[in-house]
Amino acid sequence: MTEAPEPEEARARGDKTVVRKSVSGMLWSYVSFFATKMLSLISLLILARFLSPADFGVMALTIAVIGYFEIVSRIGLGSALISAREQVAETANAVFFFSMLLSGLMALALWLSSEGIAGFMNEPQLVDVLNVIAVTVIISGLPTVSDSLLQKELQFKRKLVPEVMRGLVKGLLSIALALLGFGVWSLVYGYLAGTAVFAVVSIAMRPWRPTGLPRLDVTKRAFLFGINMFTAQLINMIPQTLDNILVGKILGTSSLGIYALAYRIPELCLKTFTAVAMRVVHPIMAEIQTEPEQLRRYYYGYMRYFALMTLPCGAVLATLSDPLVRVLYSPDWYGMITPMMYLSIAFAIWTLRLLPGSIYKAINRTDLMLRVSIYNLPIFVLGLWLSVPYGIDMVSRAQVAIAIASMFPGYAILRSVIGVTLPETFEALLPGVTCAVAVATASIAAQMGVHGGALIELLAGLAAAGLAYLVSARLMAPEVYKELLRMRPKRLARKRA
């Protein structure tokens, strides 16, 4: 008769299995998600040939403004549904009805306030743009339940389908309209069409319909869960959009357009990774929300993997920003080289400070997210306010300092909640930091050692960075190296065998 495994052994084995499945899912999801985002990047590169920095600046202001109205319209209800372990159907009813109610109210509020917003930003064109884009606030509320259920059920492959379709429709329509001379309206109509397609396909991927009117007790519970998260998200939205608003108002839409495009490549490579990872982390942590010790081990594991993927990626983008911009963009956009370098570093650090938020949501303590957001708000506002008058280069440098400073409040609160320690956190970060230093050094050395133009420098830097990452990952984190090898195409794996 086989003896049962010891509790500690079984727990460790279970932790290893959960983390391995999660990391594998994240890697595959990120590869797929990154592939879809490449479509967005390609369309952006084409649009940059036909649109001016001012056109991109107007659209960046529009996205910054509409973000506040969309957060209010959702009020954290989708996360309440993901975290619900009882009365899921009733919670879905409450989420749907209140999402649609708030979406309608926010669309109306945006339409009524468009003139005031445009006057404050000194950009008259914003009036008509905001009036049209207000429709997307209502449309984006329609798939809230379907999208949340796909995430709750860990159906990440199916969840990618609407995102792919949104990017495809948005990119193709925007390019077609730009070629016809629509200017900034090519971006506006592309955004509107992409939002509509995302809503339709999301509902098709996870059909759902209300089973009744929302119950008062369930609605109250979902609302109490969401209100803290909503307030935290609203506060977090200030630093996420304040740079665009201040740059656009003080430096003008042309400077904002350059800054916004400098933002895009780091955002595509790093922020989208975070979006994929958070979809995996939140539902899984919600399943172990009553086990602080397991949450702590899971946190260290994810911190390790996050750092191993995001820090080297940020280092590569930072060191390759010069040849990358010179290869992809015309000279009108060369002003984005320095901002892109610093924003790549800032984004890599920024991804690490999001992990505590997933734990707060998993244990139904969204009030802690609110507390962290309140602590961080003065850091963001002061850093951006002081840096904007000195230009977009200084703003991007300030983002690095802000990203570092904003990690500490989250760590301090997490320490009191599940008992994380500073030495173990540094131990989890060490492999990622080491790999980042290795790839940055290799990339810079390779670029300095070749001659022949920006494309040769870019290719040499990429090749050297990739080799340095494989070697350093093999030494510092052999389990990640094995996972990367396991994801090779099966035909290649069989051939190697």
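Relative accessible area sorts residues into three classes here: buried means under 20%, exposed means over 50%, and partly exposed lies in between, with a 1.4 Å probe and protein chains only. By that rule Arg264 is partly exposed, at a relative accessible area of 22%.

The model is predicted, so local features need pLDDT of at least 70 and side-chain atom pairs count only at pLDDT 80 or more, whereas totals for chains, interfaces and linings use all residues. Residues are numbered from 1 along each chain as its sequence is written, and side-chain values use heavy atoms, with hydrogens and water left out.

**Salt bridges**

A salt bridge is counted when a side-chain nitrogen of Lys or Arg lies within 4 Å of a carboxyl oxygen of Asp or Glu, and the count by this rule is three. The helices named below are DSSP runs (H or I, at least four residues), numbered from the N terminus.

| Salt bridge | N to O distance |
|---|---|
| Arg264 and Glu267 | 3.4 Å |
| Arg326 and Asp322 | 2.5 Å |
| Glu457 and Arg326 | 3.3 Å |

Arg264 and Glu267 both belong to helix H11 (residues 253-287), where a spacing of three residues separates them by about one helical turn. Glu267 is partly exposed, with a relative accessibility of 22%.

In helix H12 (residues 292-328), Arg326 and Asp322 are four residues apart and are likewise separated by about one helical turn. Arg326 has a relative accessible area of 30% and is partly exposed, and Asp322 is partly exposed at 30% relative accessibility. Glu457 lies in helix H19 (residues 454-476) while Arg326 is in helix H12, so their salt bridge ties together parts that are 131 residues apart in sequence. Asp322, Arg326 and Glu457 are joined into one network by salt bridges that share partners. Within that network, Glu457 is buried, with a relative accessible area of 18%.

**Two buried positions**

Which backbone oxygen does the side chain of Thr310 reach? The partner is the backbone oxygen of Phe306, at 2.7 Å, which falls under the rule for a polar contact (a pair of N or O atoms within 3.5 Å; within protein, one must be able to donate a hydrogen and the other to accept it, and residues adjacent in sequence count only if both atoms are side-chain atoms). Thr310 is placed in helix H12 and is buried, at 1% relative accessibility.

Leu110, in helix H4 (residues 88-121), is buried with a relative accessible area of 0%. Once neighbours within four places in sequence are set aside, the residues in contact with Leu110 (heavy atoms within 4.5 Å) include Val65, Ile66, Phe69, Leu130 and Val137. Val137 is 27 residues from Leu110 along the chain, and their C-alpha atoms are separated by 9.1 Å.

**The second largest cavity**

A cavity is defined on a 1 Å grid over the protein atoms alone, as a set of points where a 1.4 Å probe fits but cannot get out, and lining residues have an atom within 4 Å of a point. The structure holds three cavities of 30 Å³ or more, and the second largest contains about 230 Å³ of space. Of the 15 residues that line this second largest cavity, the closest to its centre are Tyr263, Phe347, Trp350, Arg353 and Gln399. Two or more lining residues each come from helix H10 (216-251), H11, helix H13 (337-352) and helix H16 (392-405).

How values were computed. 1 Å grid on protein atoms, 1.4 Å probe; cavity = no way out; pocket = protein on both sides within 12 Å on 5 of 7 lines; lining within 4 Å. Points joined across faces, edges and corners; volume = space filled by probe spheres on them.
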